[in-house]
There are 2 protein chains.
Amino acid sequence: MLPSENKYLTNVSFDTVIFGFTGEELKILILEYQNSGLFALPGGYIRRDENLLDAAKKGVMKRTGLKKIQLEQFHTFGKLNRSDPESSKTIAKGLGYEMPNDHWVLDRFVTIGYYALIDYNQVRPTPNKFSDSINWYSINNLPPLMMDHEEIVQKALEAIRNDLGTKLFGTNLLPEKFTMKELRKVYETILNKKLRRTTFQRKMLSMDILTRHEKLYTGAANKAPYLYSFNKKKANKT
Amino acid sequence: MLPSENKYLTNVSFDTVIFGFTGEELKILILEYQNSGLFALPGGYIRRDENLLDAAKKGVMKRTGLKKIQLEQFHTFGKLNRSDPESSKTIAKGLGYEMPNDHWVLDRFVTIGYYALIDYNQVRPTPNKFSDSINWYSINNLPPLMMDHEEIVQKALEAIRNDLGTKLFGTNLLPEKFTMKELRKVYETILNKKLRRTTFQRKMLSMDILTRHEKLYTGAANKAPYLYSFNKKKANKT
DNA sequence: CATTATTGTATCAATTTGCTACAATAAAAC
DNA sequence: GTTTTATTGTAGCAAATTGATACAATAATG
C-alpha cells in the first residue's frame, strides 16, 4: 500500500496551495494525516508516464472534485534539509505500516509548488487514503504545517499577489457571475489592503473585460448591484 | 568519468540561462558538446549534500569565473518527453565513452530553470569537461538547441521581462558605474521596445535609487554624460 | 569661436488616478 | 403611499503621472 518505486520519479514531488475565497477571507485546503497530528499541503509524486503538470492537476482534481482547474507553477523548493523522513515514518505508522528505512519516500525530495484558485462553494474537499480529513483553513490561522509547507504557502501568497492583474484574476475564486463588490473584496483580500471603490470600478470597467448582466436582488434595503462575468475572449488578449 | 549515481539526486537537474549585455544586444552562454554538434544550456545535477540553489550557483560560477552571482529561479520543466536519451548517448560517445542503457542520466529528468544576469565584460567563459566550447550567442540568433532548451530560453526571457522594474535590475548586466543611456539600452533590449529618453531619465532619477558620480569623457564631440551606480540600500527597500 | 551631437531639465499637454459629491434605487419603517 | 436608510453607479474636478517638445549646457572638431 505504500507507493511503489518504479511507478514514480524519485527525489521529485509536487505540492499544491489550493485557494478559495469565502467572501471575507482567503482559505487553503490542508490535509491531516491519520493518527499523526501532522498537517500538510495536498501533494504527490509524479508517475513516470505522466507530465509534471498533469500529475499536479490530477492531484487537485482528486482533492476538490473539480474538473477544470487553473494551476500555476510558482516555485520549486530544493533545500538540502527540507525533507523530513521522521514525518513520513510517522504518517506510515499512523496508517498501520512500518516503513523500511531505505524506502524511497524517505529520501530527499525537491518539490514543485503549484497554486490553484477555485470557487470555494463548488469544492467537495476529499481526503486521500492516507489522511482522515481535508479542511479549509484561513491563511491567517493555519495549523502548524509539516516540513517547509509554511514557507511554500508564503511563496504562493507572494505569487498570487504578483500575478493579480497580469494574469487575469478573481475569476477563478468567484462564481461565474459576481458583483463588483465581490470582485473588489477578492483583490483587497489578496493584496491585503483597501482599494478605492470608485477607482476600482472605473478601472475594471475601462479594461473592457467584463460583461454586465442582470441585477442581483438580495433583499437588502438599497440599490441592487449588477452582476458581471469575465469576458474571456477579450480578457485573454492582454 | 560519467557521473556516479549515488552522489546525485536522480530525475532532477537544473539549467541556467546566463544573460550578458554587449551594449547592443542580449546574449546568453551556450555550450557545445565535443564531437556531437549538440548545443545546450549550461546545467547540471544536484549533489545529495547540497542545496538546489547552491548547485545552480556553483554551476554558473564554474562557467563564468564570477564569484558573486544573482540567480533567480523562473520555472521548472517536467514534460514527459522532454528528456532525450539519444542526445546523452551522443554526448557520451563524443567524449569516447559508451553509455550503458540503464545509466541514470538516460532516465527522465525534471529540470529547474534559473537565469543569471551578469556583466558581459567580466565573464571568462569556461567550458566544462564534457564540452569543447562555451560561447555567447545573441538571443536573436541561437544555434539549434538540444531537447527543450529553446523553450527554456523563451521562458527565461519572459521572466526577465516580468521581473524588470520589480526586482531591481539592469544592475547586474552593467558594470558598477554606467550612463543613463546604457541603462536605458538595457531596458529597451529586454523589453524589446523603445523607451522615451526624457521620461525614462525622470523616472529613474525620481526613484531615488541612483547615485550620481563623475562625468564620462569618451572623446565624443558632445556633452559628456554622468556616470551612475545603483544605491543598493535604497534600492532594496522596494 | 562657430559647428555638431548629445545630455540634462524645464515646460506644458494628455492621461490616469484620487477624492468628493450626488442621483438612482431596493426594501423597510412609518 | 411617503419617508428613511444603505448602497450602487457615475460624474466632475483636483492631484499625480506620463508624453512630447523645447532648449540651455557642454565636449570635442575644424
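Which base atom of DNA strand D does a polar side-chain atom of Arg202(A) lie 3.5 Å from? I looked, and the partner of Arg202(A) is a base oxygen of DNA strand D.

**Ground rules**

I'm working on a predicted model, where local features need pLDDT of at least 70 and side-chain atom pairs count only at pLDDT 80 or more, while totals for chains, interfaces and linings use all residues. Residues are numbered from 1 along each chain as its sequence is written, chains are lettered from A and ligands numbered from 1 in the order in which they are written, and side-chain values use heavy atoms, with hydrogens and water left out.

**DNA strand D**

I pulled up the surroundings of DNA strand D and got 26 residues (near means one heavy atom of the residue lies within 4 Å of the strand). Among the closest are Thr198(A), Tyr226(A) and Arg196(B).

Next I went through polar contacts (N or O pairs within 3.5 Å; within protein, one atom must be able to donate a hydrogen and the other to accept it, and residues adjacent in sequence count only if both atoms are side-chain atoms). Asn222(A) puts a polar side-chain atom 2.9 Å from a sugar or linking oxygen of DNA strand D. Tyr226(A) uses a polar backbone atom instead, 2.7 Å from a phosphate oxygen of the strand.

I also sorted the surface near DNA strand D by class: eight nonpolar, seven polar and 11 charged residues. (Ala, Val, Leu, Ile, Met, Phe, Trp, Tyr, Cys and Pro count as nonpolar, Asp, Glu, Lys and Arg as charged, and the others, Gly among them, as polar.)

**DNA strand C**

Around DNA strand C I found 26 residues, with Arg196(A) and Tyr226(B) among those that come nearest. A polar side-chain atom of Arg196(A) sits 2.4 Å from a phosphate oxygen of DNA strand C. Tyr226(B) has a polar backbone atom 2.7 Å from a phosphate oxygen. For a base, I noted Ala221(B), whose backbone N or O atom is 3.1 Å from a base oxygen of DNA strand C.

**Chain B against chain A**

I then checked the protein contact (heavy atoms within 4.5 Å), which takes 21 residues from each of chain B and chain A. About 1700 Å² is buried between the chains, 50% of it from carbon and sulfur atoms (accessible area, 1.4 Å probe, that two parts lose on being put together, summed over both).

I counted two salt bridges between the chains (a side-chain nitrogen of Lys or Arg within 4 Å of a carboxyl oxygen of Asp or Glu). Arg48(B) makes one with Asp107(A), its closest N and O atoms 3.0 Å apart.
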